[in-house]
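Colleague: Could you take a close look at the strands of this model and at the side-chain pairs that link them? I would like one connected account rather than a list.

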Amino acid sequence: MKPMLCTTRSQSAFLLALILALIFVSASFAAGDVKIFGYETPAYVDIDRSEYRVNEADGTVSIILVRSGDFRQTTTVDYQTMELEASEGQDYKATGGTITFRPGEGFKQIVLQIIADDAAEPSESFNFELTGGGPNTVLGRAWTTVWIEDAPRAPSQPNIEIASAANGQILLSWESDRACGLERSANPAGGSWEPVPCNPVAEGNRFQVSQPLGGTLYFYRLRAE
């Protein structure tokens, strides 16, 4: 004779309650999954490096922002520049505002203006900072330091202009922002140069000196002091 499965009324009620509880838990978990992965996953925004270095002569530096996490929504972040050794308006152009990541965008570039001048300076820096984000946005690396290196400048070599003057003289003149020694040679190919004893007359950045026009043909040059 086959065994028969018998349950009491109380056992049947217990099994029914257990099945209903499992269905409820399963449905709740599925709803939670949709909520977490569909709407509560944040967008993470970072600056791609902690330090940038730029030569003053380059004129610009590009800051890269990286978004990860939720790519399906629009993400906004606010930014600004902040003085350190470098001064706003003298070494770089201050800026600030809001940048927007559209759905699907993972990278953004912000171009900062660097101001070049003629002053010899040590390296100077300023900060670029993320100051806040829109809803469901988490900021990671929120600031970076931009170092401005002084632009190397090759010294300019002034050119001598020679013109005839009265009383058998020639007039040598040149423009320069620094003192220059005048030299002459009758045989420049031989490398034999001698200093010319003179006191140039300065008018602003222009220097002039007179020399007698004798029987020897001289070549003239300037040597930086």
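Modeller: Two strands are taken as paired if DSSP finds at least two bridges between them, and a strand is a DSSP run of E with at least two residues, numbered from the N terminus. The model is a predicted one, in which local features need pLDDT of at least 70 and side-chain atom pairs count only at pLDDT 80 or more, while totals for chains, interfaces and linings use all residues. Residues are numbered from 1 along each chain as its sequence is written, and side-chain values use heavy atoms, with hydrogens and water left out.

I begin with the sheet of five strands, which is open, has mixed pairing and follows the order β2-β9-β7-β4-β5. Its edges are taken by β2 and β5 (96-101), each of which has a single partner strand, so one side of each is left without a neighbour in the sheet. From one strand to the next the twist averages 25 degrees, with axes fitted as lines to C-alpha atoms and angles running from 0 to 180 degrees between N-to-C directions. Within this sheet, strand β7 (residues 124-133) pairs with β9 in the antiparallel sense over six bridges, and F126 has V146 of β9 as its bridge partner.

The edge strand β2 also brings us to the salt bridges, each defined by a side-chain nitrogen of Lys or Arg within 4 Å of a carboxyl oxygen of Asp or Glu; by this rule the count comes to nine. In one of them R53 meets E149, with the closest N and O atoms 2.6 Å apart. R53 belongs to strand β2 (residues 51-55) and E149 to strand β9 (residues 143-149), so this pair ties together parts that are 96 residues apart in sequence. The same two residues join E51 in a network of salt bridges. E149 is partly exposed, at a relative accessible area of 25%, where buried stands for under 20%, exposed for over 50% and partly exposed for values in between (1.4 Å probe, protein chains only).

A second open sheet, again with mixed pairing, is formed by four strands in the order β6-β3-β1-β8. Here β6 (107-113) and β8 (137-139) stand at the edges with a single partner strand each, so one side of each is left without a neighbour in the sheet. Neighbouring strands of this sheet are turned against each other by 25 degrees on average, direction ignored. Its strands β1 (residues 43-47) and β3 (residues 60-69) run antiparallel and are joined by five bridges, with D46 finding its bridge partner in V66 of β3. A salt bridge also joins the side chains of E105 and K108 (3.2 Å, N to O); E105 is partly exposed at 27% relative accessibility, and K108 is likewise partly exposed at 21%.

Further along the chain, β11 has antiparallel pairings with β10 (residues 161-165), through five bridges, and with β15, through seven. S164 is the bridge partner of I170 in β11, and L171 has S210 of β15 as its partner. In the hairpin of β10 and β11, three residues lie between the strands, and N167 takes a positive phi near 60 degrees.

Side chains also link β11 with β15. The whole structure holds three aromatic pairs, meaning rings of Phe, Tyr and Trp (its six-membered ring) with centres within 6.5 Å, stacked if the planes are under 30 degrees apart, edge-to-face if over 60 and tilted otherwise. One of them is the stacked pair of W174 and F207, at 6.0 Å centre to centre and 15 degrees between the planes. W174 lies in strand β11 (residues 169-175) and F207 in strand β15 (residues 206-212), so the pair ties together parts that are 33 residues apart in sequence; both W174 and F207 are buried. A salt bridge between E175 and R206 (3.3 Å, N to O) connects strands β11 and β15 as well, so that parts 31 residues apart in sequence are tied together. E175 is exposed at 52% relative accessibility, whereas R206 is partly exposed at 23%.

Finally, W193 lies in strand β13 (residues 192-195) and is partly exposed, with a relative accessible area of 23%. Beyond four places in sequence, W193 touches E183, R184, S185, P188, F219, Y220 and R221, contact meaning heavy atoms within 4.5 Å.
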